[in-house]
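Here's a quick briefing to keep next to the viewer while you click through the chain. Grab a coffee and take it one topic at a time.

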Amino acid sequence: MTANLTAALNFLSLPNACPLCIVALDPRSGRPIAVNSTFESILGPFYKFKEWDFSNAASEDVNPNSDAAGGEETNRSRFRDAISRVRASLCEDVDVCMKFAKEGKLHSTSKVRNVEMLTLGTNEAGLPVRKYFDWTIGSVQNEEGVNGDEPASAVILYGDMLKDEESSNRARDAELIDFFQNAPIAMHWLNGDGTVLWANQTELNVLGYTAEEYIGQPIMKFCPDEEELVLEIFKQLGTGNVIKDVPVRFRTKEGNIVNLLIDSNVAYNRDGSFGHTRCFIRDDTGRKIRDARTKLLISENERASCTQLCVSSLRMLDNFLSRTLHHVMGPLHALRGTCELISGRLQDNTSDDVHERERNCILLERAVDTVALTTRMVADVSDLARFDEGATLKTTFRLVDLRDVGLQAIESIKFQDLRLKGGDDGINVSLNLIGQGGPAVIRTDRAVLLRVLAHLLENSVREVPHGGKVTLQITSSINSSGKGVVLVEVIDNGKGLPAGTCLDDGGLINDTTSPAPCHRYVIGRRTSNDPDDIEKARAEMEEGLRSLKQNGVGVGLSLSYHLVRMLGGDLRHEKLSIGTKIYFTLQCKQMDTLDDNEDVLKTDTVLKSKALPMEISFEPKQENSAKRQRVDDFEFGNFVSSDSSMTTSGDSDTVVSGPAAVAVAKCGVKAELPFSVLIVEDTDICARVLGMQLKKLKCSTQRAENGQVAIDILKNSMLGTFDMVLMDLRMPVMDGLTATKIIRDELNIDLPILALTGERRDDIEAECEGVGFTDFFQKPLPKKTLEDLISKYKAIRDGIIRPVGLH
């Protein structure tokens, strides 16, 4: 605005009825050079303001009524900035003008609302009183030159003082405006053409634009490569739909691409026409990262050959091989020991002792059973590997009697391979035949069916508690098509399938053969896309393979899955209120003619014969024999001494000389006692053979079936009861590593503990050393090595040699 400045100043000096407060400022200093009468009546006398920058009349408090973006500027800073923008337009310095122009601060007029001012003349006492003003700021210039110090231009301010009621309303409006401007979520409005009508400060901060750069622009300017998506969003909104969690990409001011999620609906005009959108946007970077991480983990899980999976896969393979080798080396250890013992007995045997031959035969039979079990295990692992490579099993289908195959399955269970005590442990195993008009025979592969039943029954027998119940239930019926259907179920009251077992990711199955929903057992299929679930499943698999508490190789269910499919069935699993049911259905390929009741399966229940714990006696069966010291040489749980243990008679003196004399002198009577060994071994045959070998070396022994039993025995024994512990590593209930750590750290027992294991992991020896094992040996342990160990630690006990490196 250009006007005659002299005339304007003269006008301000005259009394007038203008309702606005008007003040002219020197553009160079910002000081008032003239005010009108309304200004003096409201703000105060002119002389109180003319010596200082007028912007200082505004308070320095943060104005709660401010509608400025951010709401954190003080009244004074807002007021000064508004004046400075107009002052800059009057600046004669070209460089300064250009600088303000580039910064967007060059304006001929400016407005600022809700400025809290200190009024200095509105009361008799002249005390400062705070009032709120809206200011409009402009400028005037002389059209002609000026003389002397008369300014060539001036900044003119027009102030409108707010009434108290209006100020209160504005405070409420400002609070609502601040709520939207600084909400924790970004918001914007778009008109029907996609132009940004408004955006809050949060959105501007996210994208880095100023309001001038963002508002009033087409939204497509900020959404690269998203034209089709934006058009689809408007299409959905235009039909009255609400969109939620729609991913879209925005470009920031710096040129970066940010991933955002949009929720939106439409505010319609009163006439029902499209008004504007109400869009809420959220940062979608976290979800994108999570999705990418999920895809990576899924890819790793499905393609074990990927680089990212190599270390994990090799580690799992190493643990699996270590577990498998454990079950190979254990029987080899037992077989080697058995051969050495029998060889020694045959060489020492000078008479044709029938009982001796009988005992040797029993021991050999047990060794043969153990080797047969190992052979089956190797075959299982080999077949599973072939199935995983896509091979199919060659089957031979013949008529199979259901009762006969069921009886063979339950009678083939060998408790000594599955239970710690060797006997049936009070477990009730039964065959339950249910005839519902179906045939007593089915055309299938008998050997494959028996193999499946063996795995399922052994898993159940191994996991049920003492006195538990395992039932093989076979139901034969006729379906609606007149074909025979055989349902095979293995039901137990055990703890269920192990953690990490693969179940169908399709959820529960409503199976007509089962009254309750069930799961399908599957292989190589994930149960969840959540990365945490995938990592948890993999960790459970690795822990299961690494854990020394788990016995068995762990391929039974996986192999059974493939075998059942070869028979035309589908392996399924159902969690019972107490226990588990695993089952499958076999369809008869052709319906045999049922001429009489002999061809129909009859309902019946058959119990498996009981099994006592295996006892191998190696003493002649002479109840009154003076030489006999034990009914059973290997009644573990009691000490067993050899016949050649040191004894003295009442009518003769014992003369001790040589190293023995030194031992007696240093250790007293203990040096004359047999060397006592605690054998911690869960495999019955391995423990018995080891006990027999130690007896040959004139040692007394006691057996613990697992680490927990060993700890209980040591807790309840006097100090010095045992001279050495031979500790297996892989055992149920408590493994050898955990047991040894407790013995060292909690029981504070310092005696030799030797690891004797079939484990072949690279780090297992270091792991044993770390928890406190004295020494480490792998199965099978040669006889000479065992003899040297007993001699060494007996000499240490008796004080003949000093311990070196003993824990």
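What follows is a short tour of strands, helix contacts, salt bridges and a few odd backbone spots.

Keep in mind that this is a predicted model. Two places to start are the open sheet of five strands, with its parallel pairing, and strand E1, where five of five residues are buried. After that, have a look at the salt bridges, 18 of which turn up in the structure.

**The parallel sheet**

- Reading across the open sheet, the five strands come in the order E21-E20-E22-E23-E24, and they pair in parallel.
- The edges belong to strand E21 (699-704) and strand E24 (775-778), each of which pairs on one side only.
- Going from one strand to the next, the twist averages 20°.
- Strand E20 (residues 675-680) is joined to E21 by six bridges, and the two run parallel.
- If you want a landmark there, find Ser676, which sits opposite Ser700 in E21.

**Strand E1 and its neighbours**

- Strand E1 covers residues 21-25 and is mostly covered, with five of its five residues buried.
- Which way do the side chains of E1 point? Cys21, Val23 and Leu25 go one way while Ile22 and Ala24 go the other, and all are buried.
- E1 has an antiparallel partner in strand E5 (residues 153-161), with five bridges joining the two.
- Strand E2 (residues 32-35) also runs antiparallel to E1, and here three bridges do the joining.
- Val23 is a handy residue to click on: its bridge partner in E5 is Leu157, and its bridge partner in E2 is Val35.
- E1 and E2 make a hairpin with six residues between them, and Gly30 in the turn shows a positive phi of about 80°.

**A buried tryptophan**

- Trp135 is found in strand E4 (residues 129-141).
- With a relative accessible area of just 1%, Trp135 counts as buried.
- Trp135 and Leu20 are 115 residues apart in sequence, yet their C-alpha atoms are 9.6 Å apart in space.

**Two helices side by side**

- Helix H19 (residues 736-745) and helix H20 (residues 764-771) have axes that come within 9 Å and cross at roughly 25°.
- That crossing angle makes H19 roughly parallel to H20.
- Who meets whom? Leu737, Thr740, Lys741 and Arg744 from H19 meet Ile764, Glu767, Cys768 and Val771 from H20.
- By type, the residues of this H19 and H20 contact split into four nonpolar, one polar and three charged.

**Salt bridges**

- As general background, side chains of opposite charge can pair when their charged atoms come close.
- Glu411 and Lys608 form one salt bridge, with the closest N and O atoms 3.8 Å apart.
- Glu411 is in helix H12 (residues 402-411) and Lys608 is in the loop between strand E19 (604-607) and helix H16 (659-667), so this pair ties together parts 197 residues apart in sequence.
- Glu411 is partly exposed, at 38% relative accessible area, whereas Lys608 counts as buried at 11%.
- Asp723 and Arg797 form another salt bridge, with 3.0 Å between the closest N and O atoms.
- This pair links distant parts of the chain, 74 residues apart: Asp723 is in the loop between helix H18 (707-715) and strand E22 (724-727), and Arg797 is in helix H21 (residues 783-797).
- Are Asp723 and Arg797 buried or exposed? Both are buried.
- Lys784 and Asp788 also meet in a salt bridge, at 2.9 Å from N to O.
- Lys784 and Asp788 are about one helical turn apart, because they are four residues apart in helix H21.
- Lys784 counts as exposed at 51% relative accessibility, while Asp788 is partly exposed at 40%.
- Elsewhere, Lys244, Asp245, Asp263 and Arg282 are joined into one network by salt bridges that share partners.

**Positive phi without glycine**

- Asp245 isn't a glycine, but its phi is positive at about 55°.
- Asp245 belongs to strand E8 (residues 243-251), and it is partly exposed with a relative accessible area of 38%.
- Asn748 isn't a glycine either, and its phi is positive at about 55°.
- Look for Asn748 in the loop between H19 and strand E23 (753-757), where this residue is exposed with a relative accessible area of 60%.

Note on methods: Residues are numbered from 1 along each chain as its sequence is written. This is a predicted model: local features need pLDDT of at least 70, side-chain atom pairs count only at pLDDT 80 or more; totals for chains, interfaces and linings use all residues. Side-chain values use heavy atoms; hydrogens and water are left out. Two strands pair if DSSP finds at least two bridges between them. Axes are lines fitted to C-alpha atoms, for helices over the stretch in contact, and angles run from 0 to 180 degrees between N-to-C directions. Buried means under 20% relative accessible area, exposed over 50%, partly exposed in between (1.4 Å probe, protein chains only). Angles under 35 degrees count as roughly parallel, over 145 as roughly antiparallel, 65 to 115 as roughly perpendicular and the rest as oblique. Contact means heavy atoms within 4.5 Å. Ala, Val, Leu, Ile, Met, Phe, Trp, Tyr, Cys and Pro count as nonpolar, Asp, Glu, Lys and Arg as charged, and the others, Gly among them, as polar. A salt bridge is a side-chain nitrogen of Lys or Arg within 4 Å of a carboxyl oxygen of Asp or Glu.
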